[in-house]
Amino acid sequence: MSMLATTPRPPAASAWAATITLGWRAMLKIKHVPFQLFDVTAFPLMMTLMFTYLFGGALAGSVKTYVQFLIPGIVVQTIVFITVYTGVGLNADISKGLFDRFRSVPIWQPAPIFGALLGDVFRYSLAATMVITLGLIMGFRPAAGVVGVVLAIALIIVFAISLSWMWIIVGMLVKSPESVMTSSFLLLFPLTMGSNIFVDPKTMPSVLQKVVAVNPVTHLANASRGLMHGEAAGASVMWVLVASAVITAVFAPIAMMMYHKER
Amino acid sequence: MTTAIETSALVKHFGTTRAVDGIDLRIERGAVYGLLGPNGAGKTTTIRVLSTLLRPDSGVARVLGHDVAKEPSKVRARVSLTGQFASVDEDLTGHENLVLVSRLFGHTWKASATRANELLESFDLTEAAQKQVRTYSGGMRRRLDVAASLVVTPEVLFLDEPTTGLDPRSRNQVWDIVRSIAAGGTTVLLTTQYLEEADRLADRLAVIDHGRLIAEGTSRELKSSVGSNTLHIRLDETASISQAEQILTEVLGAGVHPGSDAGTLTARIDGNERVPAALAALAAAGIAVAELTLGQPSLDDVFFALTGQARENVGEEARA
């Protein structure tokens with residue numbers, strides 16, 4: 001009977017090894033449940049097709065011109081939308097008792113959180129690749145080439161990770177994964193629609209223009225366009241980096257404090 | 001040192017509910033120890049405190065000589081917990097789940113894969129190794145969960161209601177597993193609502209209710225305080241219950257009390273010889289018996305014997 005281990009007990013896993021392992025778990029979940037990636041990316045993909053072919057000509061003169069404008073923004077919308085899964089996954093782990101196992105194992109205690117974020121980076125990259133691929137098929141031609149696209153995606157991921165901290169807090173506060181989902185849309189819809197992802201805000205009422213101008217998603221979309229098309233984007237990039245730093249500085253400590261508190 | 005777990009005046013409350021209300025335990029190394037009690041008695045809270053998931057409000061709990069509040073990581077390094085709800089990832093396969101936990105305990109990827117295969121084999125899960133856990137039966141999940149607690153051999157294993165919700169065959173499998181773990185020298189602390197389970201597995205038992213320890217001893221000691229057999233009777237008409245109680249008390253002697261359902265009575269008896277006479281006496285008084293069972297004392301009987309009153313039905317509960 002080899003039920004009990006015959007080999008000696010290994011030294012405890014390092015913080016790094018534990019984080020990598022939990023990130024590996026997040027990737028396995030994408031492999032086994034690819035639907036969780038598709039159900040959130042399906043919506044932005046549908047918006048891409050709809051806006052491009054229905055309104056593209058009217059908004060930008062031609063479909064081809066509009067695609068150049070829209071795709072960098074749609075990548076932003078897609079990734080910002082799926083940040084909510086960080087909270088959904090955490091909530092499910094807590095309610096199913098899986099976190100009890102992680103917390104009773106002798107690992108660096110924050111590893112489950114950082115492992116989840118590591119899995120998120122992979123998930124965001126995958127989603128971005130899907131959108132860019134669809135864009136290329138539709139005639140999107142980023143002037144700054146692969147390097148510009150990769151830089152833009154990296155910046156979007158930095159911002160997305162800062163948002164994830166908010167969902168970690170929501171994930172620990174609410175009762176079920178479904179409520180994480182529901183509460184998230186209250187924030188994510190205004191955040192992505194009240195930006196310049198779809199149209200130039202010049203024709204909007206002046207009050208709305210002001211809102212759009214301070215929305216970090218607007219700056220992120222600007223930065224994404226600038227980087228992908230090789231235009232000057234320094235100010236927007238800086239704005240996004242500062243916004244990400246502020247969001248992280250506010251929410252990450254709260255999230256970690258709540259996480260360390262017993263449940 | 002021969003003591004594995006020791007608590008003194010342990011208290012843990014949630015809001016105004018004192019889930020654990022001054023429990024003293026002393027559990028020897030290598031023992032299988034059972035915490036017996038109804039839902040909401042404080043069993044799970046006790047185990048969560050001992051496995052460092054909850055911090056005690058007052059009192060001291062030591063596991064393998066380490067204070068759980070002061071040195072939680074030292075405790076975590078030497079114990080394993082199998083919670084009440086199978087704490088495995090449903091989206092992953094059985095093999096992946098075990099590799100995950102094995103990695104977290106510090107094994108290399110290669111050693112983790114080897115250990116996962118060993119465990120799957122000894123827990124009779126090899127065939128399902130590459131299937132997602134969501135397709136597993138309750139018994140298979142439970143076995144996987146226990147297997148995950150054994151990737152490295154713990155010195156103390158906490159099992160919270162290991163067989164609740166399992167069919168009899170799976171229950172027997174889990175019992176066999178617990179026995180072989182204990183045979184390897186691991187101290188096992190398990191909680192259960194079933195007297196039979198505690199009886200079959202545990203060397204010693206503590207009966208807890210409302211966060212307090214109400215009895216402690218071997219299962220033989222506890223049973224002798226209850227009586228060797230019980231007679232359960234369900235009457236046709238609930239109205240004649242007090243008359244029936246009187247008649248049974250006269251014929252069988254002391255130890256008759258109303259059961260947890262209306263119209264039922266439970267009597268402690270030392271042998272079955274007096275049962276026909278008791279039935280005849282009931283028939284003579286015109287009381288019809290709908291159902292009759294002779295059997296082992298139940299948890300309710302233990303509670304009656306220990307506290308002198310039928311257990312109140314615990315409705316609300318703090319962290320079952």
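These legends walk through close-up views of a predicted model, starting with chain B as a whole and then moving in on its parts and on its contact with chain A.

**View 1. Chain B, from end to end.**
Here is the whole chain to help you get your bearings. The C-alpha trace of chain B spans about 75 × 45 × 35 Å along its principal axes. Its secondary structure comes to eleven helices and 14 strands. Of the 320 residues in chain B, 46% count as buried. Contacts often bridge long stretches of sequence: among those in chain B between residues at least 6 apart, 70% join residues at least 24 apart.

**View 2. The two domains of chain B.**
Chain B is divided into domain 1, residues 3-223, and domain 2, residues 228-296. If you place a marker at the C-alpha centre of each domain, the two markers lie 39 Å apart.

**View 3. Where chain A meets chain B.**
The contact draws 29 residues from chain A and 33 residues from chain B. On the side of chain A that touches chain B, the elements giving two or more residues are α1 (15-32) and α5 (98-104) of chain A. Which of these gives the most? That is α1(A), with seven residues. By residue type, this side of chain A divides into 16 nonpolar, five polar and eight charged.

**View 4. Helix α3 of chain B and its surroundings.**
Is this helix enclosed or open? Eleven of the eleven residues of α3(B), residues 94-104, are buried, so the helix is largely enclosed by the rest of the structure. The buried set includes charged side chains as well as nonpolar ones, with Glu96(B), Arg103(B), Leu98(B) and Val101(B) among them. These buried residues pack against α1 of chain A, together with α4 (109-122) and α5 (138-148) of chain B. After α3(B) comes Gly106(B), whose phi is positive, near 105 degrees.

**View 5. The four-stranded open sheet of chain B.**
Four strands of chain B line up in the order β12-β13-β11-β14, with antiparallel pairing. The edge positions belong to β12 (256-258) and β14 (289-295) of chain B; each has a single partner strand, so one side of each is left without a neighbour in the sheet. From one strand to the next, the twist averages 20 degrees.

**View 6. A strand pair and a helix across the sheet.**
Strand β11 of chain B, residues 229-235, pairs with β14(B) in the antiparallel sense over six bridges. To find your place in this pair, look for His232(B): its bridge partner in β14(B) is Thr293(B). Helix α9 of chain B, residues 241-252, lies across β11, β12 and β13 (264-269) of chain B. This helix runs at about 10 degrees to β13(B).

**View 7. The nonpolar cores.**
The largest nonpolar core has 138 residues, and those with the most contacts inside it are Val75(A), Ile79(A), Ile156(A) and Leu189(B). The largest share of this core, 16 residues, comes from helix α7 of chain A, residues 145-173. What does Val75(A) touch, leaving aside residues up to four places away in sequence? Its contacts are Ala128(A), Val131(A), Ile132(A), Ile153(A), Ile156(A) and Ser224(A). A second, separate core of twelve residues includes Leu231(B), Ile233(B), Ala244(B) and Ala278(B).

Conventions. Residues are numbered from 1 along each chain as its sequence is written. Chains are lettered from A and ligands numbered from 1 in the order in which they are written. This is a predicted model: local features need pLDDT of at least 70, side-chain atom pairs count only at pLDDT 80 or more; totals for chains, interfaces and linings use all residues. Domain bounds come from an automatic or database domain assignment. Two residues are in contact if their C-beta atoms, placed from the backbone, lie within 7 Å. A residue is buried if 20 or more other C-beta atoms lie within 10 Å of its own, exposed if 12 or fewer, and partly exposed in between; C-beta atoms are placed from the backbone. Two strands pair if DSSP finds at least two bridges between them. Axes are lines fitted to C-alpha atoms, for helices over the stretch in contact, and angles run from 0 to 180 degrees between N-to-C directions. A nonpolar core is a set of buried Ala, Val, Leu, Ile, Met, Phe, Trp, Tyr and Cys residues joined through C-beta atoms within 7 Å.
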